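Subject: Structure handover and findings

Hello,

Here is the structure you asked to take over. My notes on it follow below.

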Amino acid sequence: MALFSCGLLGTFLLLSSFPFLALSAPSQRILASSNTVIQQYLAPHNAVRSRLGLPPLQWNQALASYASWWARQRRGDCALIHSSSNYGENLFWGAGRAWKPQDAVAAWAAEGPYYNYGSNTCAPGRDCSHYTQLVWRQSVRVGCARVICVNGDTFITCNYDPHGNVIGQRPY
């Protein structure tokens, strides 16, 4: 399996790709599924942040809607192209349809060893901007989405507010 991550400044949450939890009413099934999917994004984000003593991110439906919109724009080509919003944005691409929210967050978090807090820089030839957005202390809200592209690959995006990666500032 191949994966690629791209980040900084959207995405379609394909709820049908996640099994519904069995509850009595259809609206409850959708809500339960939505809450389950939200936790699939929030739990790995907040686990990384917790290790640094950072406050947890809160889910924001407006950010998730924006992410969903942007992912739908990328569905035709699955290209790691950033939207032009003022939100922080991390993008992920993986070959095939098996990629989950925690895979995207793990790819972004894997850049952590390349970040040098003392110099506030990434190791030469490495990108750590997805990691620094993930752990940006001032970012307190997140919304994410996932789409299966026309070619069958997976595109995941998360948007953060306020955005991180402010030049000259440390993430935490």
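A residue is called buried when its relative accessible area is under 20%, exposed when over 50%, and partly exposed in between (1.4 Å probe, protein chains only). The model is predicted, so local features need pLDDT of at least 70 and side-chain atom pairs count only at pLDDT 80 or more, while totals for chains, interfaces and linings use all residues. Residues are numbered from 1 along each chain as its sequence is written, and side-chain values use heavy atoms, with hydrogens and water left out.

Overall layout

The protein has four helices and seven strands. These are DSSP runs numbered from the N terminus: helices are H or I with at least four residues, strands are E with at least two. Along the sequence the pattern reads β-α-β-α-β-α-β-β-α-β-β. Of the 172 residues, 45% are buried. The accessible surface is about 8,100 Å², and carbon and sulfur atoms account for 58% of that surface. Areas come from the Shrake-Rupley method with a 1.4 Å probe; for residues, only the protein chains shown count as cover.

Cores

A nonpolar core here is a set of buried Ala, Val, Leu, Ile, Met, Phe, Trp, Tyr and Cys residues joined through side-chain atoms within 4.5 Å. The largest one has 26 residues, and Trp59 and Val142 have the most contacts inside it. Two or more residues of this core come from each of helix 1 (26-51), helix 3 (101-109), helix 4, strand 6 (141-148) and strand 7 (154-161). A second, separate core has seven residues, among them Trp70, Cys78, Val147 and Phe155.

In the largest core, Trp59 touches Ile38, Tyr41, Leu42, Ala64, Val142, Gly143 and Cys144, leaving aside residues up to four places away in sequence. Contact means heavy atoms within 4.5 Å.

In the second core, Trp70 sits in helix 2 (residues 61-74) and is buried because its relative accessible area is 11%. The C-alpha atoms of Trp70 and Val147 are 9.9 Å apart, with their positions 77 residues apart along the chain. Ala71 also lies in helix 2 and is buried, at a relative accessible area of 0%. From Ala71 to Val147 the C-alpha separation is 6.2 Å, for residues 76 apart along the chain.

Backbone points to check

Most residues other than glycine have a negative phi, and most peptide bonds are trans. Which residues have a positive phi without being glycine? Cys78 has a phi of about 60°, and Asn120 has one near 55°. Cys78 is in the loop between helix 2 and strand 3 and is buried, at 5% relative accessibility. Asn120 is in the loop between strand 4 (115-116) and strand 5, and counts as partly exposed because its relative accessible area is 23%.

There is also a cis peptide bond, joining Asp161 and Pro162, with omega about -10°. Pro162 is in the segment after strand 7.

Asp161 and Pro162 are both touched by Val140, which also touches Pro56, Leu57 and Gln58, again leaving aside residues up to four places away in sequence. Val140 is in the loop between helix 4 and strand 6 and is partly exposed, at 30% relative accessibility. The C-alpha atoms of Val140 and Leu54 are separated by 9.9 Å, and the two residues are 86 apart along the chain.

Tyr87 is another loop residue, between helix 2 and strand 3 (88-94). Tyr87 is partly exposed, with a relative accessible area of 25%. Tyr87 and Asn159 are 72 residues apart in sequence and 5.9 Å apart, C-alpha to C-alpha.

Pocket

The largest pocket holds about 180 Å³ of space. Thirteen residues line this pocket, and Tyr115, Asn120, Thr132, Asn165 and Gln169 are the closest to its centre. On a 1 Å grid over the protein atoms alone, a pocket is an open set of points where a 1.4 Å probe fits, with protein on both sides within 12 Å along at least five of seven lines; lining residues have an atom within 4 Å of a point. Grid points are joined across faces, edges and corners, and the volume is the space filled by probe spheres set on the points.

Strand 5 (121-122) and helix 4 (129-134) each supply at least two lining residues. The lining divides into seven nonpolar, six polar and no charged residues. In that count Ala, Val, Leu, Ile, Met, Phe, Trp, Tyr, Cys and Pro are nonpolar, Asp, Glu, Lys and Arg are charged, and the others, Gly among them, are polar.

Regards
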